Amino acid sequence: MSAKSDLSLIRNIGITAHIDAGKTTTTERILYYTGVSHKIGEVHEGNTTTDYMAQERERGITITSAAVTCEWEGHRINIIDTPGHIDFNIEVNRSLRVLDGAIFIIEGVAGVQPQSETNWRLADRYNVPRIIFINKLDRTGANFYNAFDTLKEKLDIVAIPLQLPIGAEENFVGVVDLIEMRAIVWEGGELGAKFHYEEIPADLKEKAEEARQNLLDTALSVDDAAMEEYFDKGDVDVATLKRCIKKGTIAGDFRPVLCGTAFKNKGVQPLLDAVIDFLPAPNDVEGIRIAPPEDEEVDENKLPIVPVDPDGKFAGLAFKIINDKYGTLTFVRVYRGVLKTGDTVLNTTKGHKERIGRIYQMHADKREELSEVHAGDIAAFVGLKDSQTGDTLADPTDPVVLERMTFPIPVIDIS
Ligand code: GDP
C-alpha cells in the first residue's frame with residue numbers, strides 16, 4: 001500500500017496469554033493462514049505445509065519480531081509482540097501502548113490462570129479492546145463452559161460467546177457460529193485442513209438459540225436504533241449485529257468469546273474474521289496523549305490527545321529496538337502524517353535530529369521495503385542512530401512529545 005492507507009483496513013493487535021496457553025501456536029497459525037492465500041499456488045505436491053512453518057522458523061522473522069504484518073480479507077493486520085512473563089512487565093506496558101486491540105487467549109482445561117489475570121488488568125489500564133479465544137479444546141479435560149465460567153469468576157467481566165463448541169476433547173470438530181447461526185466444521189486437524197458450513201447439529205439447536213438470544217440482548221443494548229429494529233422485526237441483520245458487537249467490544253461493555261484449537265487448526269480462520277469485524281481500526285480509538293511537562297504535576301488524564309491523523313504533521317512512537325544482522329531496526333507506531341525514506345525527523349524526547357534510512361514491514365516470510373509509512377500503521381526504520389524505546393519522532397516543524405512509556409518497574413523479590 002503506497003498510496004494513502006485506508007485506516008479502516010488496518011488492525012494493530014497484540015496476542016496475550018498465560019504461558020503455555022498457546023500464544024506461539026496461535027500466532028504461527030495466523031501467519032500460516034494469512035500467508036496461505038498467496039502461497040497456495042507455490043506449494044507443490046509433497047512440499048508439506050509443515051516444511052513451510054519450519055522454514056519460517058529458520059528465518060526467525062515471524063514471532064521473534066517486534067511486529068509482524070499479515071493480510072486477511074483485504075485488511076492489513078500488524079501483530080505486535082506482547083511478552084507474557086511478569087518479569088517483562090515493562091515490555092508488556094510498552095506494547096500495550098501502541099496496539100489498538102488484542103486477542104486474549106486462555107486454555108480450555110485450566111481457564112483463566114494467575115498470569116492471565118495480571119495481563120488482563122494491564123490491558124484494562126490501557127482500555128485495550130479484547131476478544132477472547134478459548135484454546136486447546138481438543139485436550140483431555142478441556143471444557144468450553146468451565147473455562148468460560150472462569151472468565152466471569154476471575155476477571156469479573158461480561159463475556160458473551162460468539163461460538164459454541166461442537167464435540168469435546170478428541171471429538172471437538174468445530175463451532176456453532178451464533179452470528180450466522182450455522183455450524184463451521186473442519187475436515188481434519190492438519191495445517192491447511194478445509195472447513196465447511198453445516199446446519200447446527202440437532203442436539204445443539206436449543207442451546208445455540210438460547211446463546212444467540214443472550215448475544216442479541218447483550219450486543220444490541222449498546223445501540224438504541226438496533227434495539228428498536230430488533231423490537232420491530234424480531235431479529236436484526238448480520239451487519240447490524242456485527243456493528244453492535246464491535247461497538248460494545250471497543251467500549252469494553254462486554255467481551256466476545258471464540259474458541260477452538262490452534263494446534264489442531266480449528267477455529268483460527270473465524271478468529272481472524274473476528275479481528276477484522278470486532279477489533280478497532282486505528283481511527284476507531286482515540287489516539288495518544290501528549291507527554292506531561294517535565295517539571296509540573298498534572299492530571300495526565302487531562303492532557304490533550306493527538307488523534308490518529310493521516311493529514312497531520314508526522315508523529316510516531318518508537319516502541320521497540322531490535323539489533324539483527326541487518327543493523328538496528330527501530331519499530332515505530334505512526335500516529336500522525338506520513339514518513340518517507342530519507343526524511344529527517346526530530347527525536348523530540350531527546351532533542352536531536354535523525355535521518356530515516358530504509359523502511360520495512362516484517363512479514364512471516366519476507367521483509368517488505370516501503371517508500372513511506374502512514375498514520376495508523378507500524379513499520380521498522382533503519383538508520384536511526386540514537387533513538388530509544390519510548391522516544392517520540394516528529395516533524396521538526398511540529399515537535400510534539402507523545403506520552404512517555406515510563407512505568408514503575410515492579411520489584412521482583414527473588415531472595
Ligand atoms: P505459549 O507459551 O502461550 O506461546 O504456548 P505455545 O503455543 O508454545 O503452546 C504450549 C504447548 O501447548 C505446546 O506444546 C503446543 O504444541 C501446545 N498447544 C498449543 N495449542 C494447543 C491446542 O490447541 N491443543 C493442544 N492439544 N495443544 C496445544
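In the predicted model, a polar side-chain atom of N135 is placed 3.1 Å from an oxygen atom of the ligand. Two further residues make comparable approaches to ligand oxygen: a backbone N or O atom of K23 lies 2.8 Å from an oxygen atom of the ligand, while in T24 an N or O atom of the side chain is found 2.5 Å from a ligand oxygen. On its own the ligand has 570 Å² of accessible area, of which the protein covers 74%.

The wider surroundings of the ligand comprise 15 residues, and the closest of these are D20, T24, T25, D138 and T261. Helix α1, which spans residues 23–39, supplies the largest share of this shell, namely 3 residues. When the shell around the ligand is divided by class, it contains 6 polar and 5 charged residues, together with 4 that are nonpolar.

A separate description applies to the pockets of the protein. The largest pocket has a volume of about 800 Å³, and among the 36 residues that line it, those closest to its centre are R97, R125, Y126, N127 and E286. Two or more residues of the lining are given by each of the helices α3 (89–98), α4 (114–125) and α8 (238–251), and likewise by the strands β12 (288–289) and β15 (327–336). Of the elements concerned, α8 provides the largest share of the lining of the largest pocket, with 3 residues. In terms of class, the lining of this pocket is made up of 17 nonpolar residues, 13 charged residues and 6 polar residues.

Charged side chains were also examined for pairing across the model, and a search of the whole structure finds 18 salt bridges. One of them joins the side chains of R212 and D235, with a distance of 3.2 Å from N to O. This pair links distant parts of the chain, as R212 belongs to helix α6 (residues 205–220), whereas D235 is located in the loop between α7 (224–233) and α8, and the two residues are 23 residues apart.

Notes:
Residues numbered from 1 in each chain as written. Predicted model: local features only at pLDDT ≥ 70, side-chain atom pairs only at ≥ 80, totals over all residues. Heavy atoms only, no water. 1 Å grid on protein atoms, 1.4 Å probe; cavity = no way out; pocket = protein on both sides within 12 Å on 5 of 7 lines; lining within 4 Å. Points joined across faces, edges and corners; volume = space filled by probe spheres on them. Helix = DSSP H or I, 4+ residues; strand = E, 2+ residues; numbered from the N terminus. Nonpolar A, V, L, I, M, F, W, Y, C, P; charged D, E, K, R; others polar. Near = heavy atom within 4 Å. Polar contact = N/O pair within 3.5 Å; in protein donor to acceptor, adjacent residues only side chain to side chain. Areas by Shrake-Rupley, 256 points an atom, 1.4 Å probe, with all protein chains shown as cover. Salt bridge = Lys/Arg side-chain N within 4 Å of Asp/Glu carboxyl O.
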